[in-house]
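Let's take a walk through this model together, starting with its overall layout and then stopping at a handful of residues along the way. Keep the structure open beside you as you read.

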Amino acid sequence: AGGVEWLPTYTRWVAVVAAFSFNARGGTMIVTKTLDRFARAPGGAETGRGEGELGAIIGVLDRFVILTLLIFGQWTAAGFVIAARFLYYLPAFKAAGGEGTPAPGRELLGTLTSIFVALVSGILVRLAIG
């Protein structure tokens, strides 16, 4: 039969590795470019460098968790992770507007973009690996 029985397994692993690589580097780039284009901190000031780096690391970890859950077909668990991310912002939205506290729009935009990248790549990998 030609000796290519390994090809489907190899192709699946390549798709999974490519998705994780894309989510680590490409996902961070997409989120950064989106934030640069659509949102700035109040008054145009940048948030601290350490804050941005921490947010990028959290975003990569979020994408990895969501991607892993989707690869294993755990759609409900991925939904819980996404819900937990948004519950994190709930107190900030309740406090927004009071005493000059801004709404966490920039962080929320980054989270939405990050989750979108993870969902799309996870769905594509699921389609690729069958």
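A helix here is a DSSP run of H or I at least four residues long, with numbering from the N terminus. By that rule, I58 sits in helix α2. Bear in mind throughout that this is a predicted model.

Let's zoom out before returning to that residue. The chain has four helices and zero strands, so reading from the N terminus on, you get the order α-α-α-α. How many of the 130 residues count as buried, as a percentage? The figure is 29%. The accessible surface of the chain is about 8400 Å², and 69% of that belongs to carbon and sulfur atoms. As for how the chain meets itself, take the contacts between residues at least 6 apart in sequence: 77% of them join residues at least 24 apart.

How far should you trust the coordinates? The average pLDDT of the chain is 82, and 79% of the residues score at least 70. In the chain, confidence is lowest in α2, with a mean of 86, and highest in helix α4 (residues 105–129), with 90. Where pLDDT is low, the predicted coordinates should not be read in detail.

Helix α4 is a good place to spend some time. With 25 residues at 1.5 Å a residue, α4 should span 36 Å, and its end C-alpha atoms are indeed 36 Å apart, so expectation and model agree. Just after α4 comes G130, which takes a positive phi of about 80°.

Now pick out two serines in this helix. S114 is found in α4, and S121 lies there too. Are they buried or exposed? S114 has a relative accessible area of 5%, which is under the 20% cut-off, so S114 is buried. S121, at 8%, is buried as well. What does the side chain of S114 pair with? It makes a polar contact of 2.7 Å with the side chain of R63. The side chain of S121 has a polar contact of its own, with the side chain of N23 at 2.7 Å. Leaving aside neighbours within four places in sequence, S114 is in contact with V31, G59 and R63. On the same terms, S121 is in contact with N23 and L67.

Further along α4 you reach I129. At 16% relative accessibility, I129 counts as buried. Not counting residues up to four places away in sequence, I129 touches R12, A15 and I71. Have a look at W13 as well: W13 and I129 are 116 residues apart in sequence, yet their C-alpha atoms are 8.5 Å apart in space. R12 belongs to helix α1 and is partly exposed, with a relative accessible area of 40%. R12 also has a long-range partner to check: its C-alpha atom is separated by 8.7 Å from that of G130, 118 residues apart along the chain.

Back to I58 in α2. With a relative accessible area of 34%, I58 is partly exposed. The C-alpha atoms of I58 and T111 are separated by 9.5 Å, and the two residues are 53 apart along the chain.

Finally, the aromatic rings. A pair of aromatic rings is described by the distance of the centres and the angle of the planes. The structure holds two aromatic pairs. In one of them, the rings of F20 and F64 have centres 5.2 Å apart and planes at 75°; that angle is over 60 degrees, so the pair is edge-to-face. This pair links distant parts of the chain, with F20 in helix α1 (residues 7–38) and F64 in helix α2 (residues 49–71), 44 residues apart. F64 counts as partly exposed, at 26% relative accessibility.

The other pair joins Y88 and Y89, with ring centres 5.2 Å apart and planes at 75°, so this one is edge-to-face too. Which of these two tyrosines is buried, and which is exposed? Y88 counts as exposed, at 58% relative accessibility, whereas Y89 is buried, with a relative accessible area of 6%.

Terms used:
Residues numbered from 1 in each chain as written. Heavy atoms only, no water. Phe/Tyr/Trp six-rings, centres within 6.5 Å; stacked < 30°, edge-to-face > 60°. Helix = DSSP H or I, 4+ residues; strand = E, 2+ residues; numbered from the N terminus. Buried < 20%, exposed > 50% of the residue type's maximum accessible area, 1.4 Å probe, protein only. pLDDT = per-residue confidence, 0-100. Expected span 1.5 Å × (residues − 1). Polar contact = N/O pair within 3.5 Å; in protein donor to acceptor, adjacent residues only side chain to side chain. Contact = heavy atoms within 4.5 Å. Areas by Shrake-Rupley, 256 points an atom, 1.4 Å probe, with all protein chains shown as cover.
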